[in-house]
Amino acid sequence: MGTTQPPLKERAAITNWCANDNYTHAITLNTDRELTLPRLRSICSTFCHRLDKRVLRVRNLSGIPVESRTRAIFFPENLETNAHLHGLADFAHALQTLGSEGLLKMEVRFAWMAATRGAGSVHLESAPDRGWAEYSTKGFDGTYFLAADFHPQ
């Protein structure tokens, strides 16, 4: 039997990692419905895929360097009532490509609405602080999604 790290230490470690990993934005993606974890993961994958395609203005993402793709971490919450994701994202490349915060917010919202088939809402703020990393992990149970996990190999 292997040893496991106590949840509080694991949460503190992941909070510290998130707070110090140069993320440019805090993000909440709300589905407005009850979902299973695999379904929420699938929606998150679709969101990352659609956002990258729109920002990069390509139809096929294979061959696109990882540095150009969305870099983010998402923490699922409240699956049984109002499934949503809190997270941190590095949208520096997207901002450089799109040219403005307003266009970024529009593209993020469009990608989320497409991924959820019109349900939910998006909250996006620039320059997250350590408090956002702590808030994002408040319900941390060891589950998180990395946008890189959804990149085509």
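**Exercise 1. Two loop residues**

Task: In this predicted model, state where Asn22 and Arg57 lie and what is notable about the phi of each.

Solution:
1. Asn22 lies in the loop between helix 1 (7-19) and strand 1.
2. Its phi is near 60°, a positive value in a residue other than glycine.
3. Asn22 has a relative accessible area of 64%. Exposed means over 50%, so Asn22 is exposed.
4. Arg57 belongs to the loop between helix 2 and strand 2.
5. Arg57 is not a glycine either, yet has a positive phi of about 55°.
6. With a relative accessible area of 60%, Arg57 is exposed.

**Exercise 2. Strand 1 and its partners**

Task: Decide whether the residues on each face of strand 1 are covered or open, and find which strands pair with strand 1.

Solution:
1. Strand 1 spans residues 25-30, and 6 of its 6 residues are buried.
2. In a regular strand the side chains alternate between the two faces of the sheet.
3. On one side of strand 1 are His25, Ile27 and Leu29, and on the other are Ala26, Thr28 and Asn30. All of these are buried, so both faces are covered.
4. One partner is strand 3 (residues 84-90), joined to strand 1 in the antiparallel sense over 6 bridges. Within this pairing, Thr28 stands opposite His86.
5. Another partner is strand 4 (residues 121-126), which also runs antiparallel to strand 1, with 6 bridges. Here Leu29 has Val122 as its bridge partner.

**Exercise 3. The nonpolar core**

Task: Describe the largest nonpolar core and say which element gives the largest share of this core.

Solution:
1. In soluble globular proteins, nonpolar side chains tend to be buried together.
2. The largest nonpolar core of this model has 28 residues.
3. Those with the most contacts inside the core are Ile27, Phe47, Phe74, Leu85, Phe91 and Val108.
4. Two or more residues come from each of strand 1, helix 2, strand 2 (71-77), strand 3, helix 3 and helix 4 (101-115).
5. Helix 2 gives the largest share, 7 residues.

**Exercise 4. Cysteines**

Task: Count the disulfides and check Cys18 and Cys48.

Solution:
1. A disulfide is a covalent bond between the sulfur atoms of two cysteines. The cut-off used is a pair of cysteine sulfur atoms within 2.5 Å.
2. For Cys18, the nearest cysteine sulfur is that of Cys44, 13 Å away, and Cys18 is in no disulfide. Cys18 is buried, at 2% relative accessible area.
3. For Cys48, the nearest cysteine sulfur is again that of Cys44, 4.4 Å away, and Cys48 is in no disulfide. Cys48 counts as buried at 1% relative accessibility.
4. The count for the structure is 0 disulfides.

**Exercise 5. Cavity and pocket**

Task: Find how many cavities of 30 Å³ or more the structure holds, and describe the linings of the largest cavity and the largest pocket.

Solution:
1. The search of the whole structure gives 1 cavity of 30 Å³ or more. The largest cavity holds about 70 Å³ of space.
2. Its lining includes Leu51, Asp52, Arg69, Asp90 and Phe91. Helix 2 (37-56) and helix 3 (92-98) are the elements that give two or more residues to this lining. The largest share, 4 residues, comes from helix 2.
3. By class, the cavity lining has 5 nonpolar, 3 polar and 3 charged residues.
4. The largest pocket has a volume of about 170 Å³. Of its 15 lining residues, Val66, Arg69, Thr70, Arg71 and Ala72 are the closest to its centre.
5. The pocket lining divides into 7 nonpolar, 3 polar and 5 charged residues.

Terms used:
Residues numbered from 1 in each chain as written. Predicted model: local features only at pLDDT ≥ 70, side-chain atom pairs only at ≥ 80, totals over all residues. Heavy atoms only, no water. Buried < 20%, exposed > 50% of the residue type's maximum accessible area, 1.4 Å probe, protein only. Pairing = 2+ DSSP bridges. 1 Å grid on protein atoms, 1.4 Å probe; cavity = no way out; pocket = protein on both sides within 12 Å on 5 of 7 lines; lining within 4 Å. Points joined across faces, edges and corners; volume = space filled by probe spheres on them. Nonpolar A, V, L, I, M, F, W, Y, C, P; charged D, E, K, R; others polar. Core = buried A, V, L, I, M, F, W, Y, C linked by side-chain atoms within 4.5 Å.
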